[in-house]
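I opened this one to see how the chains sit together and which charged side chains pair up. My notes follow in the order I looked things up.

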Amino acid sequence: MNRSERTAPTFDAEIAREDFPILHQHVHGKPLVYLDNAASTQKPRCVIDALVRYYERDNSNIHRAIHVLSDRATRQYEAARETIRRFLGAADTREIIFCRGTTEAINLVAHSYCKKFVHSSDEVLITQMEHHSNIVPWQIACEERQAKLKVAPIDDRGEIVLEAFEKLLTDRVKIVSLTHVSNTLGTINPVRAIIEMAHRKGIPVMLDGAQAVSHMKVDVQELDVDFYAFSGHKVYGPTGIGVLYGKSRWLEAMPPFMGGGDMIRTVTFEKTTWNELPYKFEAGTPNVEGPIGLAVALDYLEKIGIDQVSEHEQTLLRDMANRLADIPGIRLIGTPRERAGAVSFVLEGVHANDVGVVLDQEGIAIRSGHHCTQPLMQRFGIAATARPALALYNTQDEINALIRGIHKVKKLFGV
Amino acid sequence: MTATIDDLIDDLELLGDDWEERYGYIIGLARQMPAMSELDRMDDNKVHGCQSQVWLTAKTVAGIPPRLEFRGDSDGIITKGLVAILLLAFSGKTPREILNYDVEDMFRRIGLDRHLSPARSNGLHSMVKRVRSIAANAEGLCAAAEHGGDCGMPCQPH
């Protein structure tokens, strides 16, 4: 490889923005500044076109027909699985399960894994910074299996207390599930260290990657993670499609999550046998256009270069966090050493919702509330935060607009 | 600032399209509204909302017909101002008046209807629902009383 091949072209967010039709509009008479990317990202033209193309040319039910349309749809659907396998660095497409999103992926593992491997008086270990989607499915499963849900604490910076985590990692723990990147705090967790720690005791680890995959390169084999979940719509793909990666030895051993078409080999009224992986976990007619659109989104991201995106976002993120922290009355919630995507803050004397309402008037979209992390809010003794979160198409000008907007909030509320 | 809901509608219509002035006005309403006691801010009085919390208490004032008096609060300032507007519209009215009042239309007139939308999940939509259900309940109890029923109603005299 020569030098020119190694040096990637410089990333320019202003140019990338051109690929996202939705960004070019005015809200309340102001140019839209979209900073609600941790909730959902916008879609590039190529993804929108792929969905339209699918419905205009190829729409058909997959896997079970011999006609041309079904063949085309099936090929694209399975090609998408291969793209996603490559994107995650998985060994085999059999380990890539399509589902509705991260929530469903976690529910699948919580249900099927726990049914097989978690028994009375066993434990499941999560952390204090989890999204409700990585709490409730385990709660349900633990209740069913009469197991115990244990919660590893976090410190004031919003980082997992590793010593406490290690202490909680007893022989009773049958699975660990935690977020790769916190949706509320932006904390990047030391997942490699945690996976090693758990594996030393033979305990598998599931990562909620919903807030990670759009911001950094993820390689499931390098991480040696057992289960990894993410949602398409948070990484420039369509809504309603998500991915569960699972090591085949776990997936093979786990019972199906749902029963129906496509997941069976033979059915009689007496006995049904399951289809092979990944179909065992894909009951019913799937979301066909979802994986196709998602694969185009991931190709788009890889073409730009995830490292370039990451570098661009990190520069903006540092600037955004520093300038917010400098505003009198603002307190950042979470000051982790490694951060991706989001910054959470409270403004003294003003509810986060009020911040959001006023910023909206300025054309700036952020999220305010508990971000589906109520236990985390309780940990910090607050009801809600305001959370701007970045994507590849955000610019320095937009950070400037956000800071100006916050000053307007302060003026309006007299704080 | 404002004595009746009609005065408030006039005020807000006068402010026109300047959102800063409108929100300034709503913030003013919130600041004038006395905060609820911690006791009243209990979970039973909480109206479900995701982004900000709203509390609501109701009491029946005897008369013919009886009237419902509401108090409310929110941890969000703008939401609290909007709660103040709803209280102005509903509090001190008879159950029938409450049920007949088109609050969505009023919020449309003052240009704040999107805050009432269930999608906002700021608690206001749920608050309106709860106010209406309290009124419907009171109305039903009164109707039962008129039929000579012994209903253990909050409204009296029969």
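These entries go from chain B, to the domains of chain A, to the contact between the chains, and then to single residues.

**Entry 1: what I am looking at**

I noted at the start that this is a predicted model. I kept that in mind for every distance below.

**Entry 2: chain B overall**

I began with the secondary structure of chain B and counted 6 helices and 3 strands. Reading along the sequence, I get the order α-α-β-β-β-α-α-α-α. Chain B has 158 residues, and 42% of them count as buried. I also checked how far apart in sequence the contacting residues are. Among contacts in chain B with a separation of 6 or more, 58% are between residues 24 or more positions apart. For the surface, I have about 7,800 Å² exposed on chain B, with 50% of it supplied by carbon and sulfur atoms.

**Entry 3: the two domains of chain A**

Next I looked up how chain A is divided. Domain 1 covers 6–43 + 305–413, and domain 2 covers 48–302. The contact involves 43 residues of domain 1 of chain A and 34 residues of domain 2 of chain A. I put their C-alpha centres 27 Å apart. Together, domain 1 and domain 2 of chain A bury about 3,200 Å², and 53% of that is on carbon and sulfur atoms.

What holds charge across this interface? I found 2 salt bridges between domain 1 of chain A and domain 2 of chain A. I also got 29 residue pairs in polar contact there. On the domain 1 side, α12 (306–326), α14 (374–380) and β17 (385–387) of chain A each give at least two residues to the contact with domain 2. The largest share on that side is 6 residues, from α14(A).

**Entry 4: the A:D156 pair**

I then zoomed in on A:R379 and A:D156, whose closest N and O atoms are 2.8 Å apart in a salt bridge. A:D156 is in the loop between β6 (148–152) and α7 (162–168) of chain A, while A:R379 is in helix α14 of chain A, so the pair ties together parts 223 residues apart in sequence. I checked the accessibility of both. A:D156 counts as exposed at 61%, and A:R379 is partly exposed at 23%.

**Entry 5: chain B against chain A**

How many residues of chain B are in contact with chain A? I count 19 from chain B, meeting 21 from chain A. The area buried between the two chains is about 1,500 Å², with 55% from carbon and sulfur atoms. In chain B, I see B:W19, B:E20 and B:Q51 losing the most area to chain A, together 36% of what that side buries.

For polar links, I have 8 residue pairs in polar contact between chain B and chain A, plus 2 salt bridges. One salt bridge is between B:E20 and A:K408, with the closest N and O atoms 3.1 Å apart. On the chain B side, α2 (19–32) and α3 (77–90) are the elements giving two or more residues to the contact. The largest share there is 6 residues, from α2(B).

**Entry 6: a salt bridge inside chain B**

I looked over the salt bridges as a whole and got 36 over all chains. Within chain B, I picked out B:E97 and B:R67, with 3.6 Å between the closest N and O atoms. B:E97 is in helix α4 (residues 95–100) and B:R67 in strand β3 of chain B, 30 residues apart, so I noted this as a link between distant parts of the chain. Both partners are partly exposed, B:E97 at 38% and B:R67 at 37%. I also noted that salt bridges sharing partners join A:K30, A:E362, A:K408 and B:E20 into one network.

**Entry 7: neighbours in sequence, A:R57 and A:D58**

A:D58 and A:R57 form a salt bridge too, at 3.7 Å between the closest N and O atoms. Are these two buried or exposed? I have A:D58 as buried, at 1% relative accessible area, and A:R57 as partly exposed, at 49%.

**Entry 8: B:S74**

Last, I looked up B:S74, which is in strand β3 (residues 67–74) of chain B. B:S74 is buried, with a relative accessible area of 4%. Where do the polar atoms of its side chain point? I found one 2.7 Å from the backbone oxygen of B:Q53, and the backbone nitrogen of B:G76 is 3.1 Å from a polar atom of the B:S74 side chain. Leaving out residues up to four places away in sequence, B:S74 touches several others, among them B:R41, B:W55 and B:K80.

How values were computed: Residues numbered from 1 in each chain as written. Chains lettered and ligands numbered in written order. Predicted model: local features only at pLDDT ≥ 70, side-chain atom pairs only at ≥ 80, totals over all residues. Heavy atoms only, no water. Helix = DSSP H or I, 4+ residues; strand = E, 2+ residues; numbered from the N terminus. Buried < 20%, exposed > 50% of the residue type's maximum accessible area, 1.4 Å probe, protein only. Contact = heavy atoms within 4.5 Å. Areas by Shrake-Rupley, 256 points an atom, 1.4 Å probe, with all protein chains shown as cover. Domains from an automatic or database assignment. Buried area = accessible area lost by both parts, 1.4 Å probe. Salt bridge = Lys/Arg side-chain N within 4 Å of Asp/Glu carboxyl O. Polar contact = N/O pair within 3.5 Å; in protein donor to acceptor, adjacent residues only side chain to side chain.
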